[in-house]
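Please read this report with the sequence and the model side by side, and look up each residue as it is named. The text moves from charged pairs to helices, loops and the surface.

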Amino acid sequence: MLVSLLNLNDTTRALASARDIRVERMSVVPDREGLVELGRLIDANKLTVHVAKSFPLEEAGAAHAFLATKPIGKVALTV
């Protein structure tokens, strides 16, 4: 199964189907309660976020270029 936050085009759906992969789309709407719970999980060391690299805000262009390398993890801008 492939679950995506993005709309997938017909070509991607057809390729998945040819490999017997079920495709579903999901949508997430953040709310206060959910965000507070995420904070609790982080504080309890039950949830961690992998940051591949962080850049100062002034280097947003370099951060964007780094994203093109498809890093594993988040890319953060610091202010």
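In this predicted model, R22 has a relative accessibility of 51%, and because the cut-off for an exposed residue is over 50%, R22 counts as exposed. The side chain of R22 meets that of E24 in a salt bridge, with 3.0 Å from N to O, and E24, at 34% relative accessibility, counts as partly exposed. Side chains of opposite charge can pair when their charged atoms come close.

How many salt bridges does the structure hold? There are two of them, and besides the pair of R22 and E24 there is one between R40 and E37, in which the closest N and O atoms are 3.4 Å apart. R40 and E37 are separated by about one helical turn, because they stand three residues apart in helix 2. An α-helix has 3.6 residues a turn, so residues three or four places apart point the same way. Of this second pair, R40 counts as exposed with 52% relative accessibility, whereas E37 is partly exposed with a relative accessible area of 36%.

Helix 2 itself covers residues 32-43, and its twelve residues, at 1.5 Å a residue, should span 16 Å, which agrees with the 16 Å between its end C-alpha atoms. After helix 2 comes N45, which has a positive phi, near 55 degrees. Helix 1, made of residues 10-18, has at its start a side-chain oxygen of N9 that reaches to within 3.1 Å of the backbone nitrogen of T11.

The table sets out two residues that have a positive phi although neither is a glycine.

| Residue | Phi | Place | Relative accessibility |
|---|---|---|---|
| D20 | about 60 degrees | loop between helix 1 and strand 2 | 75%, exposed |
| K70 | near 55 degrees | loop between helix 3 and strand 4 | 73%, exposed |

The loop between helix 3 (60-67) and strand 4 (74-78) is also the place of G73, which is partly exposed, with a relative accessible area of 33%. Although G73 and A52 are 21 residues apart along the chain, their C-alpha atoms are separated by 4.7 Å. When residues up to four places away in sequence are left out, G73 touches A52 and H50.

Is S4, a residue of strand 1 (residues 2-4), buried or exposed? With a relative accessible area of 11%, S4 is buried, because the cut-off for a buried residue is under 20%. A polar atom of the side chain of S4 lies 2.9 Å from the backbone nitrogen of L6. Apart from residues up to four places away in sequence, S4 touches E24, R25 and M26, and one of these, E24, is the partner of R22 in the salt bridge described above.

Two residues already named, L6 and M26, belong to a nonpolar patch on the surface, which they form with M1, V3, L5 and V28, and which has about 620 Å² of accessible area together. Within this patch, V28 is found in the loop between strand 2 (23-25) and helix 2, and at 54% relative accessibility V28 counts as exposed.

Note on methods: Residues numbered from 1 in each chain as written. Predicted model: local features only at pLDDT ≥ 70, side-chain atom pairs only at ≥ 80, totals over all residues. Heavy atoms only, no water. Polar contact = N/O pair within 3.5 Å; in protein donor to acceptor, adjacent residues only side chain to side chain. Helix = DSSP H or I, 4+ residues; strand = E, 2+ residues; numbered from the N terminus. Buried < 20%, exposed > 50% of the residue type's maximum accessible area, 1.4 Å probe, protein only. Contact = heavy atoms within 4.5 Å. Expected span 1.5 Å × (residues − 1). Patch = residues over 30% accessible without salt bridge, like charges linked within 9 Å, V, L, I, M, F, W, Y side chains within 5 Å. Areas by Shrake-Rupley, 256 points an atom, 1.4 Å probe, with all protein chains shown as cover. Salt bridge = Lys/Arg side-chain N within 4 Å of Asp/Glu carboxyl O.
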